[in-house]
Amino acid sequence: MDVLARRKLVSERFAERFGRQPLVWSQAPGRVDLMGSHTDYNLGYVLTQAIDRNTWIAARPRNDGKVSIQSLNLEGRAEFTLDQIEHDTAVPWTDYVRGVAAILRQQGYPLVGFDGLIHSTIPFGSGLSSSAALEMATAVLFRALGDLEIDPVQMALLCQRAENEFVGMNCGILDQYSSAMGRAGSVLLLDCRDLSSKTKPLAGGIQVVVCDTRAQRELTGSEYPERRAQCEEGVRILANFYPGIQALRDLSIEQLEFHKATLPGMVYRRCRFIIEENQRVLDMADALTAGGRDQISVLAAASYAGARDLYEISCEEMELMMAAMLSAPGVIGARQAGAGFGGCMVAFVEQGQVEAFAWHVGERYQASSGIEPHAYPVSAAPGAGPLSW
Ligand code: ADP
Ligand code: MG
């Protein structure tokens, strides 16, 4: 859908639901990681980009201190007062909006209420960070309505806190940061320790293609916190030998190997993946900038092998998608994306062969898994901000 058609749709629906036209619009993009799975909460590096799939909120300020929110993507509506923000068990998705409001309030920002309608082109729960985009679009809206002074990194941190503390998902900073700091045409090399990032141009002729396995994730919800805890356990044990280390970021592979025997096997494997993956981020940043096809291919393959064998975040559908991507025309390299366990994967593809690549992936993956995948090119998009017409 082009931007004008989308704007028209959202304006019309807004008028139907709230009786008037929206006055203020915000947008926040989803993201895809090109290298660096689970490195963010280990205070390491991630190579990431905001994508041209995003979440909009069309809004109109209210003067009664209330927020009334609806979404064109999900059923349900909610109205809450900014003075007393509670969780919503009936319409749980509104907790992302409530959470951002609650954290901003807690930080002392004066908030203006609004009628708001959300519309997103990011698939949910598939690793492209629709949750962070919703949070960031909400924060941008509050900033615009209240004339607040918050810079993008601060906003990302506040939105992360909303997800950690209000929604109850202990995610790292990657999703919100990418959505806040995206730059059109560039990938970001993010340092999760000091929250600085360098923009890197992607070498000409290479297209990033998202391949969504659309696998039903059968997660208990404990997989992510378990891995976090295993990494923390590794740090705790290894700090006995290297006092002062704070995160796996602070360790080399040699140091890990030297003390391998002191670590439970699973903790060792998790640590090994993170330390290696962290180095791969730096190497991939160079390879993608220089356009070194062989290096991109090797790094992506090593990242996936580690994700499957050491970090154990793969699944059958991801295995089948890897086979489909790697056998497709024009492929340079392919790996997991997001947290793993199904969801989206990412391929680097020769620009002229993107259509043939996507067609092959569609055929091959559907034949092997029985699921129709979605494969589409994405381009690096600007970070969250107001939309003006
Ligand atoms: P991801 O961030 O990978 O897409 P999450 O499980 O973290 O997956 O977040 C997805 C959830 O975020 C959805 O199930 C929904 O609750 C909420 N959400 C995201 N975008 C929207 C939207 N446009 N409208 C309503 N809820 C949304
Ligand atoms: Mg999310």
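**Around ligand 1, the sheet and His87**

A polar atom in the side chain of Ser131 sits 3.0 Å from an oxygen atom of ligand 1. That's a good place to start looking around this model, which is a predicted one. Ser130 does something similar: a polar atom of its side chain is 2.6 Å from an oxygen atom of ligand 1. Gly127 joins in through its backbone, with an N or O atom 3.2 Å from an oxygen atom of ligand 1. Taken on its own, ligand 1 has 570 Å² of accessible area, and the protein covers 81% of that. If you click through the surroundings, you'll find 17 residues around ligand 1. Ser71, Asn73, Gly125, Ser130 and Ser131 are the closest of them.

Now let's move to the sheet. Four strands make it up, and walking across it you meet them in the order 9-10-8-11. The sheet is open, and its pairing is antiparallel. As a reminder, the strands of a sheet pair through backbone hydrogen bonds, either parallel or antiparallel. At the edges stand strand 9 (331–336) and strand 11 (374–378); each has a single partner strand, so one side of each goes without a neighbour in the sheet. Going from one strand to the next, the twist averages 25°.

For a closer look at one pair, take strand 8, which covers residues 206–212 and pairs with strand 11 in the antiparallel sense over five bridges. Val209 has Pro377 in strand 11 as its bridge partner. Helices pack on this sheet, too. Helix 9 (residues 293–309) touches strand 8, strand 9 and strand 10 (344–350), and its direction makes about 25° with that of strand 9. Helix 11 (residues 354–369) also packs on the sheet, touching strand 8, strand 9, strand 10 and strand 11. The direction of helix 11 makes about 20° with that of strand 8.

Last stop: His87. You'll find His87 in the loop that runs between strand 4 (77–81) and helix 2 (95–106). With a relative accessible area of 47%, His87 counts as partly exposed, because that class lies between buried, under 20%, and exposed, over 50%. Who does His87 touch? Setting aside neighbours within four places in sequence, His87 is in contact with Asp95 and Phe166. There's a polar pair to look at here as well: a polar atom of the His87 side chain lies 2.7 Å from the backbone oxygen of Phe166. For a sense of distance across the model, try His87 and Ala380, which are 293 residues apart in sequence and 34 Å apart in space, C-alpha to C-alpha.

How values were computed: Residues are numbered from 1 along each chain as its sequence is written. Chains are lettered from A and ligands numbered from 1 in the order in which they are written. This is a predicted model: local features need pLDDT of at least 70, side-chain atom pairs count only at pLDDT 80 or more; totals for chains, interfaces and linings use all residues. Side-chain values use heavy atoms; hydrogens and water are left out. Helices (H or I, at least four residues) and strands (E, at least two) are DSSP runs, numbered from the N terminus. Buried means under 20% relative accessible area, exposed over 50%, partly exposed in between (1.4 Å probe, protein chains only). Contact means heavy atoms within 4.5 Å. A polar contact is a pair of N or O atoms within 3.5 Å; within protein, one must be able to donate a hydrogen and the other to accept it, and residues adjacent in sequence count only if both atoms are side-chain atoms. Two strands pair if DSSP finds at least two bridges between them. Axes are lines fitted to C-alpha atoms, for helices over the stretch in contact, and angles run from 0 to 180 degrees between N-to-C directions. A residue is near a molecule or strand if one of its heavy atoms lies within 4 Å of it. Accessible areas come from the Shrake-Rupley method with a 1.4 Å probe; for residues, only the protein chains shown count as cover.
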